[in-house]
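Welcome! Open the viewer, and let's walk through this protein together, one selection at a time.

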Amino acid sequence: MANTIQFLGAAGVVTGSSYLVSTDSAKFLIDCGLFQGAAAADRKNYQSFPYNPTKINFLILTHAHLDHCGLIPKLYRDGFRGRIYTTPATFDLAQAILTNAAQIQEHGVTDKQLEALFIKRDATNSFKLFETHEYGKTFSPMPGIKVRLNDAGHILGAAIVEVWIQGQKLVFSGDLGNSPVPIMKDPTIIRDANYVICESTYGDRLHEPPSAREKNLLATIKQAARDGAKLIIPSFALERSQDLLYTLNNFRNSGVLPNIPVILDSPLASQITDIFKRYTKLFDADFQRYLKTDKDLFDFPGFRQTRTKFQSKALNQLSGAAVIIAGSGMADAGRVQHHLLHHLDEPRTQVLFVGFQTPNTLGRRLINGARQVRIMRHRITVKAQIKELGAFSAHADQAGLLRWLSGFTSKPTVFLTHGENISREALAKKVLSKLKLKAVIPAMGEIKTI
Ligand SMILES: [Zn+2]
């Protein structure tokens, strides 16, 4: 039987990442992610896996974002008992992320037709299957298969996965980092592969340069200070929040940050920031240099965190200028909804999006210029200023993706995944014209022989 790869998610969309590789003697998964966004995505999470979980030998996890790890507890519940290979940092982060996701499932399933997708016990049990490996160390999950994880520069612990199998080599990009960004190193360049499975989230776009990002961020904060108004930053708990705190800490150290309160209103982001503080050795050269003169690069005078619901609700009474960083990053759930509910109808309020907004989310609707939105059963007229900072994205843009792909000297076939079709098609054209590589756009569920 020929070896095959099946594209089970993130084909034509950016969520639900999962690939099934099958050989004569092995079946394994790369990622087991949650579909996010519209209700249709939610329904997809409830469907049975299109394979028998008890027959999967092992899983390799690229990183701890929910759209890559979010169905692992369900996979355990449905009978998977193989090893889950990932980096130590990803394991720590995945425990925080999946425990939080299970709590949301247990308490927050909105559609009464649906039961919790998984519960905390499924998540906790799945943690026993993890086996961690540092970047750059080769290991063998089964006879005849070798694996190596490399720094993807995307979020803490994220890996590009090299797999050697029966004379073939596959490289899974996972999500590739945006370079240069705060904290993270550049994605590792890989030279050889027969097949590259590459993300394409921003395959049709270029980010603004990092200097523009910092200038724009500082300008929005200064405007909030001048106006005595709120700057609300819907932020993903993992990586975006820490990038922001690090950047604001640097502003404070260089004396340019206006003297207004900065509040992180996300217990999960606070928990994850504590994990970041344990892995500072993985961060880039600038981070190491600043660490010599400031031993906590995620904390500064004027910054505070809300740990309880009471502290969070008290923010509604906060008068004057403030920066409020709160989840979720796409504004679809979480504490940021309360802040939007209170401040969206105020023209001096600024809402700054700092990450990719999936279609059909509140974040995407606001960016698209919606003048009326519904939040927690309230209809709100949007008078606030809605802004976007693309360069804070953790994903490489088109130039970054092409730069990483140009590192391959072995002329691999490239499968483009993890992007909407418009992004994949734009990137496929460039991959062919600039790199002279064959780029394939697989459909959801499609099986390719390798
Ligand atoms: Zn990611």
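**The whole protein**

Start zoomed out on this predicted model. The protein has a radius of gyration of 21 Å, which agrees with the value near 22 Å that a compact globule of 450 residues would have. Turn the C-alpha trace along its principal axes and you will find that it spans about 65 × 50 × 40 Å.

Now switch on a cartoon view: the protein has 14 helices and 22 strands. Buried residues account for 46% of the 450 residues. Of the contacts between residues at least 6 apart in sequence, 74% join residues at least 24 apart.

**Two domains**

Next, colour 4-205 + 394-449 as domain 1 and 210-392 as domain 2. Their centres, taken over C-alpha atoms, are separated by 27 Å. Look at where they touch: domain 1 gives 24 residues to the contact and domain 2 gives 22. On the domain 1 side, these are 15 nonpolar, seven polar and two charged residues.

**A closer look at one helix**

Select residues 336-343, which form helix H11. Which residues of H11 are buried? Show Val-336, His-339, Leu-340 and His-343 as sticks: these are the buried ones. Look down the axis of H11, and its buried residues fall within an arc of 100°, so they line one face of the helix. The general rule behind such a pattern is that an α-helix has 3.6 residues a turn, so residues three or four places apart point the same way.

For the last stop, add the strands that the buried residues of H11 pack against: S12 (230-234), S15 (322-326), S16 (350-353) and S17 (372-375).

Methods:
Residues are numbered from 1 along each chain as its sequence is written. This is a predicted model: local features need pLDDT of at least 70, side-chain atom pairs count only at pLDDT 80 or more; totals for chains, interfaces and linings use all residues. A residue is buried if 20 or more other C-beta atoms lie within 10 Å of its own, exposed if 12 or fewer, and partly exposed in between; C-beta atoms are placed from the backbone. Helices (H or I, at least four residues) and strands (E, at least two) are DSSP runs, numbered from the N terminus. The arc is that of the directions from the helix axis to the C-beta atoms. Two residues are in contact if their C-beta atoms, placed from the backbone, lie within 7 Å. Domain bounds come from an automatic or database domain assignment. Ala, Val, Leu, Ile, Met, Phe, Trp, Tyr, Cys and Pro count as nonpolar, Asp, Glu, Lys and Arg as charged, and the others, Gly among them, as polar. The radius of gyration is taken over C-alpha atoms; the globule rule is 2.2 Å times the number of residues to the power 0.38.
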